[in-house]
Amino acid sequence: MFENLEVWWLSGTQLLYGEQVLGQVDEHSNIMIDGINKSGNVPVKIVYKGTVKSAQEAEKLMKDANSAENCVGVITWMHTFSPAKMWIKGLQALQKPMLHFHTQFNTEIPWNEIDMDFMNLNQSAHGDIEFGHACTRMRVNRKVVAGHWTNEDCQKKIGVWARTAAAVADAKNVRCLMFGMNMNNVCVTDGDRAEFEQRLGYHVDYYPVSSLMNYFKQVTDAEADALVEQYKKEYTIKIDESGEEVYWEKVKNAAKAEIAIRRVLADEGATAFTTNFDDLGDADIDSPNFCGFDQIPGLASQRLMAEGYGFGAEGDWKTACLYRSLWIMNQGLAKGCSFLEDYTLNFAGDQSSCLQSHMLEVTPLIAVDKPTLEVHFLGIGIRKQMTARLVFTSKTGMGVKATVVDLGNRFRLITQEVECIEPKPMPNLPVASALWIPQPTFEIGAAAWILAGGTHHSAFSYDITEEYWEDFAEMTGIEYVAINKNTTIPEFKKELRNNEIYYMLNKALR
Ligand code: MN
């Protein structure tokens, strides 16, 4: 996922110091970048682009970074003093995420040897502050990381930023297909799709369900049988209320739906999609020439999400796109991510929690054990039918859920820390689920989420912390509010009110 991508590193300096000093800046930069690349803490390769000594060089490199398709962002560091007016045109030109690394080649001051030459060479304490001032004056969105380049925490912060920059670069290439519109009358799944593309990059299109059905009709029995064999390898087969014959019929039809959706996404160059349980082809399943899905294609959604396709149920294109970005950021990390929905509450004192689930669509990336493949009656939506799905419970531990909402004058990204706990057995609930306590407590956390205008759908991960989402909001220039252990309702309300004024005054930020 990250292997063909690059982050560019520019070392700022100036011509004042002479050739010898510039040679040392070069040498130090190479050693530092090599060290960070070899640390394993930054998954995207950092490429050194040389010293920047003039406004012309700065502007050219920033423009080159804009047009280099594999470059996801730029790291700047001022080894020596670098008068920052020489950066103005470059910073104006840059359209990619920037990280300003405030570091220094050597660790400690060589107390006995230090002289004016040493101090002039190792002058980032001075140069980075000059550069930072220009960025702030110009309102340049960026991440600032301060600390020694060998420090693991610093390297990990760069890693977080690089993963996020890769997701932001990917977002510009995302096309999300809506199979049917968002559900009638639902407010939170609606919004301004043109503005969404302008701010966040994702392109969202309607795709006719009738065209999807043309693909579905053309899937052969042999193709479906081969996919069912794959299911048998990956999941535990569990046959109960449907009986054996209906079980295999429904699983096979679910496989056909998966193949059809997969083909449409490939043919259309789409990496995200939404479904609508009221729009699954012909309405009457008993009509003689019926053409439609015989069940909600939930199994397909569960499996495609695991492969990185963005998904939102009920036409939720915003969450579908956000999940796609979350999956990119989550690549190679331990515990996984999924689309989830707040479903039902469990009041139990300081362990009060919220059961996360969906009618079907939770991805097995977060499963604690091997999922079971089951077929049960599902009485919601246009089809009231036996329906195939993967059933599991999820890993425990801390995680973060995220959403983006359209407030009419801007998009707001909201995150919440949650603690996933073990549920009691639920023998009569045949869907995948997770159980979590919103932080800092159910009472404060859930109230804050509602005050922020959060969704009932979210993109959840155990691995992707607030820091990633903060970087994501910084890179895309949208509002960000975080709900966590430190949240209090009075302070949170104040933040929401202050943000309202900020975005009203800064119309360009929307
Ligand atoms: Mn839903």
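1. Leu 429 is found in the loop between strand S16 (411-421) and strand S17, where helices (H or I, at least four residues) and strands (E, at least two) are DSSP runs numbered from the N terminus. At 35% relative accessibility, Leu 429 counts as partly exposed; the classes are buried under 20% relative accessible area, exposed over 50%, and partly exposed in between, with a 1.4 Å probe and protein chains only. Leu 429 and Val 25 are 404 residues apart in sequence, and their C-alpha atoms are 63 Å apart in space.

2. On the basis of the note: this is a predicted model, in which local features need pLDDT of at least 70 and side-chain atom pairs count only at pLDDT 80 or more, while totals for chains, interfaces and linings use all residues. Residues are numbered from 1 along each chain as its sequence is written, and side-chain values use heavy atoms, with hydrogens and water left out.

3. Overall form. The protein has 15 helices and 19 strands. Its radius of gyration is 26 Å, which agrees with the value near 24 Å for a compact globule of 510 residues; the radius is taken over C-alpha atoms, and the globule rule is 2.2 Å times the number of residues to the power 0.38. Along the principal axes, the C-alpha atoms fill a box of roughly 85 × 50 × 40 Å.

4. Packing and surface. Of the 510 residues, 55% count as buried. Among contacts (heavy atoms within 4.5 Å) with a separation of 6 or more, residues 24 or more positions apart account for 78%. The accessible surface comes to about 21,900 Å², and 51% of this belongs to carbon and sulfur atoms; accessible areas come from the Shrake-Rupley method with a 1.4 Å probe, and for residues only the protein chains shown count as cover.

5. Charges. The mean positions of the 48 positive and 67 negative charges are 3 Å apart. Lys and Arg count as positive and Asp and Glu as negative, without His and the chain ends; the place of a charge is NZ of Lys, CZ of Arg, CG of Asp or CD of Glu.

6. Metal site. The protein donors of the manganese ion are Glu 314 (OE), Glu 341 (OE), His 358 (NE2) and His 457 (NE2), at 1.9 to 2.2 Å from it. In sequence these donor residues follow the spacing E-x26-E-x16-H-x98-H. Glu 341 lies in strand S11 (residues 337-346) and His 358 in the loop between strand S12 (353-357) and strand S13 (372-378), 17 residues apart. Glu 341 is buried, with a relative accessible area of 9%, and His 358 is buried at 1%. Donors are N, O and S atoms within 2.8 Å of the metal (3.2 Å for Na, K and Ca); water is not among the atoms, so sites may look incomplete.

7. Lys 335 sits in the loop between helix H12 (317-329) and S11. Lys 335 is partly exposed, with a relative accessible area of 27%. Not counting residues up to four places away in sequence, Lys 335 touches Leu 365, Ile 366, Lys 395, Thr 396, Gly 397, Tyr 462 and Asp 463.

8. Phe 392 is placed in the loop between strand S14 (385-391) and strand S15 (397-406), and is buried at a relative accessible area of 6%. Its contacts, leaving aside neighbours within four places in sequence, include Gln 302, Val 362, Pro 364, Ile 366, Pro 371 and Val 431. The C-alpha atoms of Phe 392 and Val 368 are separated by 7.3 Å, with their positions 24 residues apart along the chain.

9. Helix H14 (residues 466-476) is mostly covered, with eight of its eleven residues buried. Among them are Trp 469, Phe 472 and Met 475. Gly 477, just after H14, takes a positive phi of about 75°.

10. Backbone points to check. Most residues other than glycine have a negative phi, and most peptide bonds are trans. Arg 139 has a positive phi near 55°; it lies in the loop between helix H5 (124-137) and strand S5 (143-146) and is exposed at 68% relative accessible area. Asn 185 has a positive phi near 75°, lies in the loop between strand S6 (175-179) and helix H7 (193-200), and is exposed at 84%. A cis peptide bond with omega of about 5° joins Gln 439 and Pro 440; Pro 440 is in the loop between strand S17 (433-438) and helix H13 (442-451).
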